[in-house]
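Hi,

Here is the structure I promised to pass on. Have a look at it first, and then read my notes underneath.

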Amino acid sequence: MKRIIYLTVLVVCTTTAIAQTSFAPSLLFGERSQVYAHRFEVDLSSTYSITNITLMDAEYESTENLLYFTRTSFNYDLKSWRFLVGTGIKNTGIFTTGGAQYTYRFESFQTSYFLGLTFVGDRATLEQNFSLRFNPMLSQKLRFLFDTFVIHNSDHKGMDRVIQQMRIGLTMDDISFGAAFKMDQFRNREVPLTNIGVFVMAVI
């Protein structure tokens, strides 16, 4: 598994210089923790791409609830559909995943739904991901931003983990900023982890 991860990183690094890339880092400064996240995509062609998604959620005064996630996937795009296989690391260990995502776009509105399976060791969970983004023009240089997503993992025993995030703010050129809310729910934890604060996000 380590060889697969190292090979994926090597492929991403070597193709960056010869392919079209996009990098979107973000920071959330909340009352409970600080959250760093990014999405890095390498377009190999009009059909194939490689995507890395990384998230790190660290509390200010404790490491007890440290949350981390990174996944690198190989994608195949067909019109409004994306099919992907990937591997990564999260709190519960090294995982592999595969699934399909449908995206609908209309002017400043975009929504998508992902359905797939995630394997951690010999354990499998059903993953569903719903996202919605509304980013209309307010003026020549300013856009309104509403961005939200929900990730739901479940198995035969029920809900395993749910992540919810919402951002409301403004976009100026390639920089977005505003207010944000994030919540993490776990099967073995009665009280969810919540975080409310401000965010800044860029597209490079």
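**The barrel and three of its strands**

Twelve strands make a closed barrel here, in the order S1-S2-S3-S4-S5-S6-S7-S8-S9-S10-S11-S12, with antiparallel pairing. From one strand to the next, the twist averages 20 degrees. Please keep in mind that this is a predicted model.

I spent my time on the stretch from S5 to S7, so here is that part in order.

Start with S5, which covers residues 81-90, and S6, which covers residues 93-106. These two run antiparallel and are joined by 10 bridges. If you want a spot to click on, try Arg-82, which stands opposite Gln-101 in S6. The link between S5 and S6 is a hairpin through two residues.

Now carry on along the chain. S6 also pairs with S7 (residues 109-120), again in the antiparallel sense, and this time over 12 bridges. Which residues face each other there? Ala-100 stands opposite Leu-115 in S7, and Tyr-104 has Thr-111 in S7 as its bridge partner.

S6 and S7 form a hairpin as well, with two residues between them. What is the phi of Glu-107 in that turn, positive or negative? For Glu-107 phi is positive, at about 55 degrees.

So S6 is paired with S5 through 10 bridges and with S7 through 12, and a hairpin leads into S6 from S5 and another links S6 to S7.

Cheers

Technical notes
Residues numbered from 1 in each chain as written. Predicted model: local features only at pLDDT ≥ 70, side-chain atom pairs only at ≥ 80, totals over all residues. Heavy atoms only, no water. Pairing = 2+ DSSP bridges. Helix = DSSP H or I, 4+ residues; strand = E, 2+ residues; numbered from the N terminus. Axes fitted to C-alpha atoms, helices over the stretch in contact; angles between N-to-C directions.
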